Every structure is written in C-alpha cells, then in structure tokens.
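Visitor: I'm new to protein structures and would love to look closely at just one part. Could you pick one and show me how it sits among the rest?

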Amino acid sequence: MNITTIGRGNIGGGLAARWRKAGHEVQELGRDGGDASNADAVLVAVPSGSIADAHGKVSGLQGKVVVAATNAFGGRNEQFPSLAHEVKSITGGPVAKAFNLNFAVLYDKIDEQPERPGQLYAADDDAREVTEQLIRDAGFDPVPAGGLDNARVLEDFLAAFIGFGQSFYRFWRPA
Ligand SMILES: NC(=O)c1ccc[n+]([C@@H]2O[C@H](COP(=O)([O-])OP(=O)(O)OC[C@H]3O[C@@H](n4cnc5c(N)ncnc54)[C@H](OP(=O)(O)O)[C@@H]3O)[C@@H](O)[C@H]2O)c1
C-alpha cells in the first residue's frame, strides 16, 4: 500500500517504520503538510488541537480511508462526537479509530513478545479491511470494537489505559 502519515513523531514515525518493514511505501508529513493524492490509506497522528490545521495543509485527502490515532491530550472540539468524527468531517471518506490505545515507546518491543499484542479499533465498514491490515502489518492483532460511533469510547478509555502504565494487551475468546 501507499500510506501517508499526517504527523511523523512518536506515532506517525513509529508506525511508518513498522509499515516500511512490512513492505509498504510510506510518506511522512509534518506541520508543513504535503500531498496525499497517491495514498491508499492515511494515518492521522497530530495533537488533537491541530487536526483542522494539519488537514488544511494536506491536499488530496477527499474520500481517502483515514485511520485516526489522535488522543485528546490537547483538548477536543466538542462540536464533534469524537476526534475521529472531526477528521471525517474534513476528509469525507471512511474513517477508523486505531492506534490511540498503545504506547509508541513500545513499538520496538512488539516483535519480542511471546504473542502478538492486541490493538482495539472502531471503524466505518468501508475502513475495516484496510485498518485491520495496517494493524496486522504493524505487528498487532486487530480487536474490533464496533463502528465509528464507538470512537469516543476508545478515546475516553485512555484515562484507564494509561493508569495501568506502559503495556500491551490481548483479548481472546475462550477455548
Ligand atoms: N506517543 C504515544 O505513545 C501516543 C499513543 C497513542 C496516541 N497518541 C496520539 O497521537 C498523536 C501524536 O502523538 P505523538 O506522540 O506522535 O506526537 P509527536 O511525537 O509530538 O508528533 C506530533 C506530530 O504532529 C505534527 N504536528 C504538530 N502540530 C501540527 C500542526 N499544527 N499541523 C500539522 N502537523 C502538526 C508534528 O509535525 P513536525 O514533525 O513538523 O513537528 C509531528 O510530526 C497525539 O494525538 C497523541 O495523543 C500518542
């Protein structure tokens, strides 16, 4: 896949490295923006208060499949039910919430784990397949948490998640 990341910091740069290792072409954009026309998938990993600003500097986003990793550390625009919905209001295409409940600082430890860590995501149906592939190719097992309506649930779960400290998680069905 051709992937564009909006944000090239801990999350954007960290996932870009993982996805390149899995064979994808990844373009990383910072605050100067750029063009995402060639992207099959877009990752949004900027501070929550910069979503509108960051998207305003990137062309070719209309209708793209977008995965939003953003958490609300920088506050949120309460006009939208979630940060993922704010992204969707700009791009107009399928959106997923994923990679918000993980620690970028642990990305280089994923491959050492005895089992693949889980990655919770909530997504529009049209974003589901691409999101699951991106999750797998980053080294995680996808954990579906419903449609995009549940994006806010995943964003709000951050408070509990960081309370446990740097960690991986898995969900599994009983044998
Ligand atoms: N760190 C984590 O473990 C973690 C985990 C889950 C979710 N998240 C979420 O992921 C997002 C990114 O976190 P991070 O730790 O990767 O942050 P980071 O390392 O500080 O990187 C932020 C990136 O956003 C870009 N940026 C900042 N302001 C911008 C603007 N106005 N317009 C366009 N781009 C802008 C920066 O561009 P430049 O490169 O040009 O400076 C940089 O590439 C945040 O919403 C955070 O809550 C982080």
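Guide: Here is a close look at one helix, followed by its surroundings and the chain as a whole. First, a word on the model: it is predicted, so local features need pLDDT of at least 70 and side-chain atom pairs count only at pLDDT 80 or more, while totals for chains, interfaces and linings use all residues. Residues are numbered from 1 along each chain as its sequence is written.

Our part is helix α4, residues 125-137. Helices (H or I, at least four residues) and strands (E, at least two) are DSSP runs, numbered from the N terminus. At 1.5 Å a residue, the 13 residues of α4 should span 18 Å, and the end C-alpha atoms are 19 Å apart, which agrees. The expected span here is 1.5 Å times one less than the number of residues.

Now look at which residues of α4 are hidden: Ala127, Val130, Thr131, Leu134 and Ile135 are buried. A residue is buried if 20 or more other C-beta atoms lie within 10 Å of its own, exposed if 12 or fewer, and partly exposed in between, with C-beta atoms placed from the backbone. The buried residues of α4 pack against β4 (41-44), β6 (66-68), β7, β8 (118-123) and β9 (141-144). Just after the helix, Gly139 takes a positive phi of about 105°.

One of the buried residues, Ala127, leads us to a neighbour. Pro94 is in contact with Val65, Asp124, Asp126 and Ala127, leaving aside its neighbours within four places in sequence. Two residues are in contact if their C-beta atoms, placed from the backbone, lie within 7 Å. Pro94 sits in the loop between α3 (83-91) and β7 (95-98), and it counts as buried because it has 22 C-beta neighbours inside 10 Å.

Follow the chain past β7 and you reach Phe99, in the loop between β7 and β8. Phe99 has a positive phi, near 60°, although it is not a glycine. With 27 C-beta neighbours inside 10 Å, Phe99 counts as buried.

For a contrast, find Trp172 in the segment after α6 (158-163). Trp172 is exposed, because it has 9 other C-beta atoms within 10 Å. Trp172 and Gly139 are 33 residues apart along the chain, and their C-alpha atoms are separated by 17 Å.

Back to β4, one of the strands that α4 packs against. Leu43, leaving aside its neighbours within four places in sequence, is in contact with Ile3, Thr5, Ile6, Gly12, Leu15, Val67 and Ala69. Leu43 is also among the residues that touch the most other members of the largest nonpolar core, which has 46 residues. A nonpolar core is a set of buried Ala, Val, Leu, Ile, Met, Phe, Trp, Tyr and Cys residues joined through C-beta atoms within 7 Å. In soluble globular proteins, nonpolar side chains tend to be buried together.

Finally, step back. The chain has six helices and nine strands. Its radius of gyration is 15 Å, close to the 16 Å that the globule rule gives for 175 residues, so the chain is as compact as a globular protein of that length. That radius is taken over C-alpha atoms, and the rule is 2.2 Å times the number of residues to the power 0.38. Of the 175 residues, 39% count as buried.
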